[in-house]
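This report goes through one chain, beginning with its sheet and ending at its surface. Please keep the structure open while reading.

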Amino acid sequence: MKENIILLHGALGSQQQMQALAPLLSPHFAVHSLNILGHVGDPSETHFTMKALAQQVKTFIEEKQLGRTHIFGY
């Protein structure tokens with residue numbers, strides 16, 4: 001079974017920024033990505049804080065039942 005990796009996009013970006021990496025990583029990892037709150041024209045009612053962003057990633061991991069996972073982003 002492959003280990004999981006979550007690709008996180010940079011500021012003002014979207015998960016599409018990381019799509020080119022997915023085929024390169026997929027032989028080694030189960031690749032996942034998400035759009036970070038407040039990006040991609042998504043008006044978020046949550047305050048844009050590091051704590052809120054970390055909670056979003058934590059919730060994503062729990063909802064997808066990923067367990068331990070690698071995280072790569074910029």
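In this predicted model, 3 strands form an open sheet, with parallel pairing and the order β2-β1-β3. The edge positions are held by β2 (29-34) and β3 (69-73); each has a single partner strand, so one side of each is left without a neighbour in the sheet. On average, neighbouring strands of this sheet are turned by 25 degrees against each other, with direction ignored. As a general point, strands of a sheet pair through backbone hydrogen bonds, in either a parallel or an antiparallel way.

The strand β1 (3-8) pairs with both β2 and β3. The two pairings are listed below.

| Strand pair | Sense | Bridges | Example of bridge partners |
|---|---|---|---|
| β1 and β2 | parallel | 6 bridges | Leu7 and Ser33 in β2 |
| β1 and β3 | parallel | 5 bridges | Asn4 and Thr69 in β3 |

How much of β1 is covered? Of its 6 residues, 5 are buried, so β1 is mostly covered.

Asn4 has a bridge partner in β3, namely Thr69. The side chain of Asn4 also takes part in a polar contact of 3.1 Å with the side chain of His32. His32 belongs to strand β2. Is His32 buried or exposed? With a relative accessibility of 19%, His32 counts as buried, because buried means under 20% relative accessible area.

Two loop residues come next. Leu21 sits in the loop between β1 (3-8) and α1 (22-25). Its relative accessibility is 30%, so Leu21 counts as partly exposed. The class called partly exposed lies between the cut-offs for buried, under 20%, and exposed, over 50%.

Pro27 is found in the loop between α1 and β2. A relative accessible area of 52% makes Pro27 exposed, because the cut-off for exposed is over 50%. Which C-alpha separation is found for Pro27 and Lys2? These two residues are 25 residues apart along the chain, and their C-alpha atoms are separated by 8.5 Å.

The surface also carries a nonpolar patch, which is formed by Leu21, Leu24 and Phe72. Together these residues have about 280 Å² of accessible area. Leu21 thus appears twice in this account: as a residue of the loop between β1 and α1, and as a member of the nonpolar patch on the surface.

Definitions and conventions. Residues are numbered from 1 along each chain as its sequence is written. This is a predicted model: local features need pLDDT of at least 70, side-chain atom pairs count only at pLDDT 80 or more; totals for chains, interfaces and linings use all residues. Side-chain values use heavy atoms; hydrogens and water are left out. Patches are made of residues with over 30% relative accessible area and no salt bridge: like charges are joined within 9 Å, nonpolar side chains (Val, Leu, Ile, Met, Phe, Trp, Tyr) within 5 Å. Accessible areas come from the Shrake-Rupley method with a 1.4 Å probe; for residues, only the protein chains shown count as cover. A salt bridge is a side-chain nitrogen of Lys or Arg within 4 Å of a carboxyl oxygen of Asp or Glu. Helices (H or I, at least four residues) and strands (E, at least two) are DSSP runs, numbered from the N terminus. Buried means under 20% relative accessible area, exposed over 50%, partly exposed in between (1.4 Å probe, protein chains only). Two strands pair if DSSP finds at least two bridges between them. Axes are lines fitted to C-alpha atoms, for helices over the stretch in contact, and angles run from 0 to 180 degrees between N-to-C directions. A polar contact is a pair of N or O atoms within 3.5 Å; within protein, one must be able to donate a hydrogen and the other to accept it, and residues adjacent in sequence count only if both atoms are side-chain atoms.
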